[in-house]
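Thank you all for coming; before I start talking, please bring up the sequence and the model on your screens, so that we can walk through them together.

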Amino acid sequence: MIVATLDLENPDHLQLVKGQWRYAGGLVPGEPNGGLVDQLKQSPARLADYDDTDWTVCENIQESVSEGFCFG
């Protein structure tokens, strides 16, 4: 079994998986929500098939600035 470690904050590793960081604010980005006090048990933004095409692309996730709750 091959074991590999990827650091998705490393641009070279991110390129290996053809990854891209995206950012959006809110518990359910793009929807009105109550932030951390919302009654949702989980956000659909955590799912692999969630459509994040309208989110802002981040070249460096460490430099992203957020206010309140967000998904990256």
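How many helices and strands are there in the protein? There are one helix and three strands, where helices (H or I, at least four residues) and strands (E, at least two) are DSSP runs, numbered from the N terminus. Following the sequence, we read the pattern α-β-β-β.

A word of care is due here, since this is a predicted model, in which local features need pLDDT of at least 70 and side-chain atom pairs count only at pLDDT 80 or more, while totals for chains, interfaces and linings use all residues. Residues are numbered from 1 along each chain as its sequence is written, and side-chain values use heavy atoms, with hydrogens and water left out.

How confident is the predictor? The pLDDT, which is the predictor's confidence in each residue, from 0 to 100, has a mean of 79 for the protein, and 81% of the residues reach 70 or more. Confidence is highest in H1, at 90, and lowest in strand S3 (residues 70-71), at a mean of 67.

Turning to the protein as a whole, 21% of its 72 residues count as buried, with buried meaning under 20% relative accessible area, exposed over 50%, and partly exposed in between (1.4 Å probe, protein chains only). If we take contacts, meaning heavy atoms within 4.5 Å, with a separation of 6 or more, then 60% of them are accounted for by residues 24 or more positions apart.

Now let me go to three residues, beginning with Lys18, which sits in the loop between helix H1 (11-16) and strand S1 (21-25). Lys18 has a positive phi of about 55°, although it is not a glycine, and Lys18 is exposed, at a relative accessible area of 77%.

Is Arg22, in strand S1, buried or exposed? Arg22 counts as buried, at 17% relative accessibility. Its side chain makes a polar contact (a pair of N or O atoms within 3.5 Å; within protein, one must be able to donate a hydrogen and the other to accept it, and residues adjacent in sequence count only if both atoms are side-chain atoms) with the side chain of Gln20, at 2.9 Å. The Arg22 side chain also reaches the backbone oxygen of Trp55, at 3.4 Å.

Finally, Leu40 lies in the loop between S1 and strand S2 (56-58), and Leu40 counts as partly exposed, at 42% relative accessibility. Leaving aside residues up to four places away in sequence, Leu40 touches Leu27 and Val28. The C-alpha atoms of Leu40 and Leu27 are separated by 8.7 Å, with the two residues 13 apart along the chain.
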